[in-house]
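Hi there,

Here is the structure I promised to pass on. Please have a look at it first, and then read on for what turned up.

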Amino acid sequence: MSIQESVRIVPKGDIALIELDLVGEKVNKLSTPVMFRLQEIITEIAQGTYKAAVIISRKPSIFIAGADIEEIRSMKKVEDYKSAVNKAHAIFNLIEDMTIPVIAAVNGACMGGGCELILACDYRIATDETSTKIGLPEVKLGIIPGFGGCVRLPRTIGYQAALDIIVQGKAVDSRKAEKLGLVDKVVSSQILEEKALEMAREAATTGKRVKRFQPHGLMAVAMELAPARAFVIGKWKDGTKKQTGGHYPAPLKAIDVIEKTYGMGNREKALSIELDGFCEVAVTDVSKNLINVFYLMESVKKKTGVQGEVKARPVSSLAVLGAGTMGGGVAYVAADKGIDVRLKDINNQAIAIGLKHARDLWDKLVKKRKITSYEFQRKMAKVSGGLDYAGFGQLDVVIEAIVEDMNVKKKVLAETEKHVKKDCVIATNTSSLSVNEMAKAMANPSNFVGMHFFNPVHKMPLVEVIRGEKSSDEAVATIFELSKKMGKLPVVVKDGPGFLVNRILVPYLIEAAWLLEDGMSIETVDRRFKKEFGMPMGPYTLMDEIGIDVCIKVSKIFHESLGSRIMIPPTMKKLSQSGRLGKKNRKGFYLYDEKGKQLEIDTTVYADLGLPTPSDKLSADETIRRGIFPMINEAALSLIEERIVETPDEVDLAMITGTGFPPFRGGLLRYADTVGANAICDELEVLAGKYGERFKPCTPLKNMAKTDRRFY
Ligand code: NAI
């Protein structure tokens, strides 16, 4: 890469236009060479006769994506971070201290280090493009803004608005940025350069400035006073502690730095407080894990789902069979991404409900001003419904989401195949049935794959693409690419009971039922997994969400195929007779209001199941090990012995995106590596001795323990 070309000065009369266009890269990022080049250029401009400077990007929808995460990832010691961050501080200070005004002209994403760079400039102008987003997402990587963002953003827009952006890792569009005072002007992208140069000429006469937040109105002024500030910051601390469960140190550290540096006159001191805070969180395992998770997600973009040069077929239209919970969701997501969708069901009412589901979701986006009414109309026009196969001959893909019944599915799939063109890929959204078995009903099984979405479809990012024995590479690649087009993260898995995620999750849910049997309370177990381990919700809440009947049905299927590892406790059998379905009939482990909001625990569960009052005798450690270690055992079998997926990365990605396994732990198998196969096997043996065979460590895990191997 020619760094000279990537960051260059283009003189525009007496204005220096600094163009950013990293050669050979899709995005601009602030790597060490780019930072040095920037320093070189700033120094050159400072020594010249320019009256002002404008920084602009030549990438179509990126200003600067941020610092180079690969560099952050490679750093291990505090000294490494210190030296890198100090250099960045020196360069941004140089920009801030130039005698001529510097204007940032922002089009496209301006994130992290990019946002910190524009904060060191005197003026900011941005385009009204939807791709223009300005923000500081650092906490999502377990770090805090370290190039001056914690100091300069509060200085520019006030501590309250800055907390909102920094602590939550948010980005704002240009209109919001203008309202907050983060940018001075918003223009259309066609005139960005012209207007930025105009601004520069004007600034050349008015001179440099450091924009400082000006509170407007009595209330705003009062909020700047120390007691009010202490109160607001205290609220943020409490809220953040509650939200992160103490598992994510970065957001709290960011609040701490903002609290200490807000209004501080001494820039060097403020930046050094920020630097210390940055180093403290950057060296943590949490940050390393979150950065790994970021890479896991990014890696999907480059994948095709198959080996070699197989091309996915383009998909511009598809049909969804079954307009129920899943079908309605799939139709919404596909149409939202511009795909023409035909929703077919056997009754009109289901179609009306499916269409309403999509309409309501878009309606919410209009209300939140995320899309315009015009876009709403265009999106709605993408979905149509019907009871017959009209138009199926032109479709690229059909996604089946009808009742979970092998015979019905086989019949419907065979019928569908007669109405579609030869190269139409047909996918099933089955959650538990064998894709290979279903394929037997097809005349052309090579065009058939599984496409397992998670509920709710518009929220859950994972799609398991199930490769059947007869699925062609092209069909797999097409569904993989389609999943990405729908904004999802696909993982290719082999056919097998529960595919990957449900297979690993079910032992955990069943163990929660065993824990009840052993005298544990719903409250304690849910709290331990949620608060102490960091799962997004406890296992009983999750069972209520999924539906207790569904959990029991799936457990039975798993017991038949996986044998003694899946032992259904008597509680679960009794649960199935107690009329408790979970959230859907507002009666499960918890009670629910009419809107489905979880209320208190239904303490009548214990008596219903014939259990004594819970004694909560088990320690938190044992509770957690009983839930999590069987998942690791099942994952080891799926990965190493059965090759359901090929890499530990895929297990971790799928568990994080499909179940919300705590990202700060890096994923199930990264977590397993921190505990060690040896320790896990020993503990599983102990648990097997105490509670039965279901805990027996599998051979691959025992082999790992013997040879002291890790998943990674
Ligand atoms: P649902 O009961 O909400 O919807 C099924 C729809 O299919 C109904 O509207 C029904 O009228 C329609 N239907 C039945 N036979 C049909 C046919 N011959 N042609 C067209 N439509 C027909 O079911 P849900 O929950 O949406 O599940 C659908 C599929 O998705 C099942 O295979 C299920 O295992 C799977 N799945 C469900 C998940 C969930 O959480 N609900 C998660 C992942 C997969």
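A polar contact here is a pair of N or O atoms within 3.5 Å. By that cut-off, the side chain of Ser431 makes such a contact with the ligand, because one of its N or O atoms is 2.8 Å from a ligand oxygen. Please keep in mind that this is a predicted model.

Let me stay with the ligand for a moment. It is surrounded by 21 residues, and Ser431 is among the closest, together with Met326, Asp345, Glu404 and Lys409. The backbone takes part as well: a backbone N or O atom of Thr325 is 3.0 Å from an oxygen atom of the ligand, and a polar backbone atom of Ile402 is 3.2 Å from a ligand oxygen.

Next, two helix pairs. Helix H2 (residues 32-47) and helix H4 (residues 78-97) cross at roughly 30 degrees, and their axes come within 10 Å. Angles under 35 degrees count as roughly parallel, so that is how H2 runs relative to H4. Their crossing is left-handed. On the H2 side you will find Met35, Phe36, Gln39, Ile42 and Thr43, which meet Lys87, Ala88, Ile91, Phe92, Leu94 and Ile95 of H4. By class, this contact has eight nonpolar residues, two polar and one charged.

What about helix H12 (residues 249-261) and helix H13 (residues 267-282)? These two pack at an angle of about 170 degrees, with axes 10 Å apart, and are therefore roughly antiparallel. The crossing of H12 and H13 is right-handed. From H12, the residues in contact are Pro249, Ala250, Lys253, Val257, Lys260 and Thr261; from H13, they are Ala270, Ile273, Glu274, Gly277, Glu280 and Val281. This contact of H12 with H13 divides into six nonpolar, two polar and four charged residues.

Finally, two spots in the backbone for you to check. Most residues other than glycine have a negative phi, and most peptide bonds are trans. Against that background, Asn455 and Pro456 are joined by a cis peptide bond, with omega at about 0 degrees. Pro456 sits in the loop between strand E18 (448-453) and strand E19 (462-467). The other spot is Asp616, which is not a glycine but has a positive phi of about 50 degrees. Asp616 lies in the loop that links helix H26 (604-608) and helix H27 (620-641).

Happy browsing, and all the best!

Note on methods
Residues numbered from 1 in each chain as written. Predicted model: local features only at pLDDT ≥ 70, side-chain atom pairs only at ≥ 80, totals over all residues. Heavy atoms only, no water. Axes fitted to C-alpha atoms, helices over the stretch in contact; angles between N-to-C directions. Helix = DSSP H or I, 4+ residues; strand = E, 2+ residues; numbered from the N terminus. Parallel < 35°, antiparallel > 145°, perpendicular 65-115°, else oblique. Left-handed = near helix turned anticlockwise from the far one by under 90°. Contact = heavy atoms within 4.5 Å. Nonpolar A, V, L, I, M, F, W, Y, C, P; charged D, E, K, R; others polar. Near = heavy atom within 4 Å. Polar contact = N/O pair within 3.5 Å; in protein donor to acceptor, adjacent residues only side chain to side chain.
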